[in-house]
Amino acid sequence: MIQSNVVITGASSGIGQSCAEIFAENGSDLVLWARRTDKLVDLAEALKSRYGISVICQTVDVRDNAAVVSAVQSLPKSLQSPDVLINNAGLSRGLQPLQEGSLQDWEEMIDTNVKGLLYVSRAFLPGMIARGKGLVVNIASIAGRQAYRGGNVYSATKAAVKMLSDSLQIDLNGTGVRTCNIDPGLVETEFSEVRFHGDVERAAKVYTGYEPLVGRDIAECVLFAATRPAHVSIQDILITPTAQATPTVVHKEV
Ligand code: NDP
Ligand code: 8X3
């Protein structure tokens, strides 16, 4: 059991939901953010009754800095400087070559994955630094390490996340606040359904012919980083399915 409070962005599905579950199992109190309030509330009710923890749900679009700041300010003081902040909210849209890309898709990815992560970090970090402890986890991606066909803007946002994680290592050095960057490969979540604008069949094909990661695999990495002793910093994790070597080299049984 760990005594901590944990803020998770993008907790309404996938990796964020798994993080909520694993920290709840370990006795942490939670602050859950996403846009889909109904999903957050259902998850919160289940976790509260199963584990007796406290959960605050906040409907926040991380692209809206005013909403981010106001959500943080409305939290009880102790939760404004959490033990763990998980910057997980993010998405990809489309897989077209750059020359055919949709500006709307690009803006949504950049505003969420990069600017949203910055807004959330800017709002929570001063409190965490004042406490002199805490962990920021940034969920980046293998896509930020290597380009693949059609990944262009999504990959660029995740390379930006990785660079922001590296920058935080330096900016937070000496403050007691740690940073962990996690680069997952293929994880079966709502990710591909969102990427393909609701095309469920196309999304399902991304995860067939091999055993993909599940949200829990990533949540276990986050929990591991969060439960190291204070002198240990897990800076960087690359985690893929065993069948995946690079973003595009994936061994599939057909
Ligand atoms: P999901 O689509 O299942 O979850 C994405 C989460 O982000 C949802 O809870 C969604 O909630 C939230 N979200 C999206 N946009 C916003 C927004 N503007 N404001 C607040 N919340 C938002 O996908 P994953 O769980 O897979 O994705 C989680 C993270 O992991 C993302 O950053 C993704 O890029 C990254 N990742 C995923 C991989 C994969 O293969 N699945 C691999 C590598 C990285 P709601 O819609 O309710 O707002
Ligand atoms: C998600 C993994 O390879 O589909 O970040 O881009 S990938």
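Two cavities of 30 Å³ or more turn up in this structure, which is a predicted model. The largest cavity has a volume of about 80 Å³. Its lining is made of 15 residues, and those nearest the centre are Arg93, Gly94, Gln96, Met109 and Asn152. Two helices, α4 and α5 (152–171), each supply at least two residues of that lining. Of the elements involved, α4 gives the most to the largest cavity, with three residues.

Then there's the open space. The largest pocket holds about 1200 Å³. Around the largest pocket sit 50 lining residues, with Leu91, Tyr154, Thr189, Phe191 and Ser192 nearest its centre. Five elements give two or more residues to this lining: α1 (14–25), β2, α5, α6 (191–195) and α7 (200–205). The top contributor to the largest pocket is α6, with four residues. Note that α5 shows up in the cavity lining and again in the pocket lining.

Right after α6 there's a backbone detail to look at. Histidine 197 is in the loop between α6 and α7. Histidine 197 has a positive phi of about 50°, although it is not a glycine.

Now for α4 itself, since it keeps coming back. The helix covers residues 103–131, which makes 29 residues, and reaches 41 Å from its first C-alpha to its last. That is close to the 42 Å expected at 1.5 Å a residue. So where does α4 bend? The bend is at leucine 125, by about 35°, and proline 126 follows within four residues. Just past the end of α4, glycine 132 takes a positive phi of about 75°.

Two residues of α4 are worth a stop. Methionine 128 lies in this helix and counts as buried, at 0% relative accessibility. Methionine 128 and leucine 79 are 49 residues apart in sequence, and their C-alpha atoms are 9.8 Å apart in space.

The other α4 residue is phenylalanine 124, which brings us to the rings. The structure has two aromatic pairs. One of them joins tryptophan 33 and phenylalanine 124: the centres are 5.7 Å apart and the planes are at 45°, so with stacked pairs under 30 degrees and edge-to-face pairs over 60, this pair counts as tilted. Tryptophan 33 is in strand β2 (residues 29–34) and phenylalanine 124 is in helix α4, so the pair ties together parts that are 91 residues apart in sequence. Are these two residues buried or exposed? Tryptophan 33 and phenylalanine 124 are both buried.

Rings also meet charges here. The charged end of arginine 195 sits over the ring of tyrosine 154, 5.4 Å from its centre. Tyrosine 154 is also one of the residues nearest the centre of the largest pocket. In a second case, the charged end of arginine 228 sits over the ring of phenylalanine 224, with 3.9 Å to the ring centre.

Away from these spots, a few residues give a feel for the surface. Helix α2 (residues 37–51) holds serine 49, and alanine 46 lies in α2 as well. Serine 49 is exposed, with a relative accessible area of 64%. Alanine 46 comes out as partly exposed, at 27%, because its value falls between the 20% limit for buried and the 50% limit for exposed. Histidine 231 belongs to the loop between α8 (215–226) and β7 (236–239). Histidine 231 is exposed too, with a relative accessible area of 71%.

For a sense of how sequence separation goes with distance in space, here are some C-alpha pairs:

| Pair | Separation in sequence | C-alpha to C-alpha distance |
|---|---|---|
| Serine 49 and lysine 158 | 109 residues | 36 Å |
| Alanine 46 and leucine 168 | 122 residues | 34 Å |
| Histidine 231 and alanine 71 | 160 residues | 31 Å |
| Methionine 128 and leucine 79 | 49 residues | 9.8 Å |

Note on methods. Residues numbered from 1 in each chain as written. Chains lettered and ligands numbered in written order. Predicted model: local features only at pLDDT ≥ 70, side-chain atom pairs only at ≥ 80, totals over all residues. Heavy atoms only, no water. Expected span 1.5 Å × (residues − 1). Bend = angle between axes of the 7 residues up to and from the residue. Phe/Tyr/Trp six-rings, centres within 6.5 Å; stacked < 30°, edge-to-face > 60°. Buried < 20%, exposed > 50% of the residue type's maximum accessible area, 1.4 Å probe, protein only. Lys NZ or Arg CZ within 6 Å of the ring centre and 35° of its normal. 1 Å grid on protein atoms, 1.4 Å probe; cavity = no way out; pocket = protein on both sides within 12 Å on 5 of 7 lines; lining within 4 Å. Points joined across faces, edges and corners; volume = space filled by probe spheres on them.
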